[in-house]
Amino acid sequence: MPGPRRRRGRGAPEPDDSGLPSGLTGPVDIPDPPPPARLPRRERFRKGVRSAVATAAGLPRVLRLCWQASPWATVMLALLTVVVGLFPALTASTARLLVDAVVHAVEIRASHRPDRADLVLPLPGSPHLATTSTTRVVFWLAVTQFVVYTVSEVLTAARSIVQRVLSDRLSLTVSTMVVAKASQLELSFFEQSESYDLLQRAADQGTRPFNTLTTFFGLLQTLVTFASMIGLLIGLNPWLGLIVLVAPIPAFVVDTRYGSWTYARSRWTSPVNRRIMYLQRLLTTDNDAKEIKLFNLGPYLVDRFRLLSANYNQRLRELSIRRQLAELGWSLVSEIARSGSYLYVALQAAAGALTLGDLTLYGTAASSVQGGVSSMLSSLTQMYENNLYVDDLYRLLAAPTEAELQAARAAGRAGLATAEPAGGQPGPGVAPPPRRPADDTLPKPSRGSALALMKPSPWTAGGPPPKPIPRSVVEAFTPTPLPVPLRGDVVFDHVSFHYPGTDRNALVDVTFEVAAGETIAIVGRNGAGKSTLIKLLCRLYSPDEGRILIDGVDIADVDADVLRSQFGAVFQDHVSFQASAAENIGLGQLDELEDRPRVEGAGVAGGADEFIRELAQGYDTSLGRWFGNGVNLSGGQWQKVALSRGFMREARILVLDEPSAALDARAEHDLFARLRALATNRTAFYISHRFSTVRQADRILFLDEGGITESGTHHELMAQGGQYAELFSLQAAAYLDDPAGATAPTGEAGPTRLPPGAPRRPGRGPDPRPR
Ligand SMILES: Nc1ncnc2c1ncn2[C@@H]1O[C@H](COP(=O)(O)OP(=O)(O)OP(=O)(O)O)[C@@H](O)[C@H]1O
């Protein structure tokens, strides 16, 4: 089904749901999240049940994560937890026996009876009676109590150690999963601010799965303690047992309520938190320091950082204080119930209905049971709260990877029904456009559902994790191999594209063919779509419509890594790695990182060799000052290093996006000469605003508002007298100090006048100033 025609014009950024569309300005107050809808009692109950089920259902995935992190630590922690859970009952029973033995000894002394105690020994056959002195009994019971305490302490310490080990491993596993996942996602994922928030929440909450696990094991331990204690307590008085059981329930309700509030608040404040981190980065990295100082932005940014951080912390503090106060109120209710029942037992003991040992046992058991109930309930609350965060982790992990999306798109094109994966991927019943076999005629394919594939993913904004792309779809996809050796023919076949989150087409129906070995210059005014075209060629994004073919193979069907290994690229916003010069270049071909002759060869090709050799340690010199005492390079030198990295590969296709922006005229001239030499048998795409270089290309494509408006050699375009001719003349005139821009050098023929009637459109076209 044809998709809607997109507006051609400047795309407006999507409004940020946080109400703070800028990272630098806007209100610093964090508005309250919208109040949760007040649900009828029955609905609240249902919701509660659903939350409980979701919390319980979340447990197996946490256990799986723990098992993945360390199977032995998971098992050890489970065992130790259960064993440690038995000890409070054991300690209470020993204490009761000890107190009763002491009371017995005191009574014997007071009544001057012989000092003897009868012991019932649990031996096979009939109960065996042994007789000993009361002092001995007291002595051995005290020893037993010491042993019980000591073993309990040792086991508790062992559990803490295992817990620590598991926590570290789990944190590492989770953060590795998060960064690995981030590296597999499509570039489009990063275009949405919700994605960033989700990524940040998932990365920040690396310990949450572990908290769920410890809480769960804590719950188990409490259950064991609880079951053993409640038995002792009910033996004394069933009603007392009931009171201590029920008293902590209100505190649980308060806890649950605040648990979901805390999570809602953290979701709400996440965009603010991201802004705080952005400001922190601006203020602490050397790249940004120059402008921050020059424009004296430091005090403003610091102030904003302080205000945002203070508000953020205040919000968290408020919530925490409210929670503490509410919990305090309800714990007082529990305390009154506990003290009242203790008073009752004490009165019973005073009246002789219970022994002192019973009183001791009751004291311990009652506080243990009550503590147990509230700890079980708060464990459930914590598990519920942690589960909400763990959901974020799983929501991120469920985001389809680049490879999965490729498989889903291929299935869509082949007309296979795929299960509906949230996030706008093709679902059952999506009628994809018929894809034509690659041929020379290249009729225009119809608009299709591929647009839907790139829509912002609604699931990043909350809700249940998306349904994953079915394994069968992923496994059914077999990437098409590229021909070996690759020639490097490139065809754009009616390609249109818009960036996710915008409603403007960055490329509109772009069609052209490039023969292997051609050097193509792409020119056009700022924002015309030049870099976008290159990004699509490298498959950093997928076209909404149309196809891109390399040697007749649709790149949508090629494995992304295989495809990209055929490209040598330098981007406008290249990376300056804080690493040695050799590493900066060698990273262009990771498996050849250590191959120094090759690295140096690439350095020569990129024009960096000369100045690198003059550095103190040559190619081993550290570039940038983040780590160690490195050297800072000039913009042009960094660009030459990036260019050299692009030349590290034996790539069939070279993509240079404004490689000359920071180069002086001589350096650019040399670069282009080298490029021509290196590009023999290689296809090269060269984006530049410098027409003196551009004119040397085999062919020039002129882009305007996302479409190709002119194409040909320099001479052909000058003869056409179109936009290219106009802009070339403007730039040449600036060099020749001819403000009218009326004279125009054309190739080797020397300056000529623009053809009469050639359009002049001031304000359009690339920056005509000489660079
Ligand atoms: N990541 C992005 N998300 C949304 N819109 C984008 C993104 N990158 C570029 N655009 C928009 O797409 C259009 C084409 O941008 P592109 O970077 O391809 O232009 P360009 O011709 O390379 O410009 P320049 O000469 O300034 O480098 C512009 O309107 C730009 O605002």
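Start with burial: colour the whole chain by it, and 38% of the 771 residues come out as buried. Keep in mind that this is a predicted model. Switch to cartoon view and you have 23 helices and 14 strands to find your way through. If you draw the contacts between residues at least 6 apart in sequence, 76% of them turn out to join residues at least 24 apart.

**Stop one: the annotated segments**

Select 69-90, 137-162 and 210-233. An unreviewed UniProt entry annotates these as "transmembrane region". Residues 69-90 are 95% helix and 0% strand, with 33 Å between the end C-alpha atoms. Now hop to 210-233: here the chain is 100% helix, again with 0% strand, and the end C-alpha atoms lie 33 Å apart.

**Stop two: helix α3**

Next, select 134-184, which is helix α3. Try the distance tool on the two end C-alpha atoms, which are 73 Å apart. How does that fit with 51 residues at 1.5 Å a residue? The expected span is 75 Å, so the two values agree. Then show side chains for the buried positions of α3: Thr134, Val137, Arg159, Val162, Leu166, Ser167, Leu170, Val174 and Val178. Keep Ser167 and Val174 on screen for the next stop.

**Stop three: Thr207**

Pick Thr207, in the loop between α4 (193-204) and α5 (208-236). Is Thr207 buried, exposed or partly exposed? There are 17 other C-beta atoms within 10 Å, and because burial takes 20 or more and exposure 12 or fewer, Thr207 counts as partly exposed. Look at what Thr207 touches: leaving aside residues up to four places away in sequence, the contacts are Ser167 and Ser171. Of these, Ser167 is one of the buried residues of α3. Val174, also on the buried list for α3, sits 8.2 Å from Thr207, C-alpha to C-alpha, although the two are 33 residues apart in sequence.

**Stop four: around the ligand**

Move on to the ligand and show the 14 residues around it; Tyr499, Asn526, Lys530, Ser531 and Thr532 come nearest. Which helix gives the most to this shell? Select 530-537: that is α14, and it supplies three residues. Colour the shell by residue class and you should get three nonpolar, nine polar and two charged.

**Stop five: the four-stranded sheet**

Now look for an open sheet of four strands with antiparallel pairing, in the order β4-β3-β6-β7. β4 (505-514) and β7 (553-554) are the edge strands; each has a single partner, so one side of each has no neighbour in the sheet. Zoom in on β6 (545-550) and β7, which run antiparallel and are joined by two bridges. To find one of the pairs, click Ile550 and look across to Val553 in β7, its bridge partner.

**Last stop: strand β5**

Finish at 519-524, strand β5. This one is mostly covered, with five of its six residues buried. With β10 (683-687), β5 pairs in the parallel sense over four bridges; click Thr519 and you'll find Ala684 as its bridge partner in β10. Then select 699-704 for β11, which runs parallel to β5 and is joined to it by five bridges. Ala521 is a handy marker here, standing opposite Ile700 in β11. If you turn on hydrogen bonds, look along the backbone, because that is where the strands of a sheet pair, whether parallel or antiparallel.

Notes. Residues numbered from 1 in each chain as written. Predicted model: local features only at pLDDT ≥ 70, side-chain atom pairs only at ≥ 80, totals over all residues. Contact = placed C-beta atoms within 7 Å. UniProt positions renumbered as here; feature names shortened; annotations may be inferred. Near = placed C-beta within 6 Å. Nonpolar A, V, L, I, M, F, W, Y, C, P; charged D, E, K, R; others polar. Pairing = 2+ DSSP bridges. Expected span 1.5 Å × (residues − 1).
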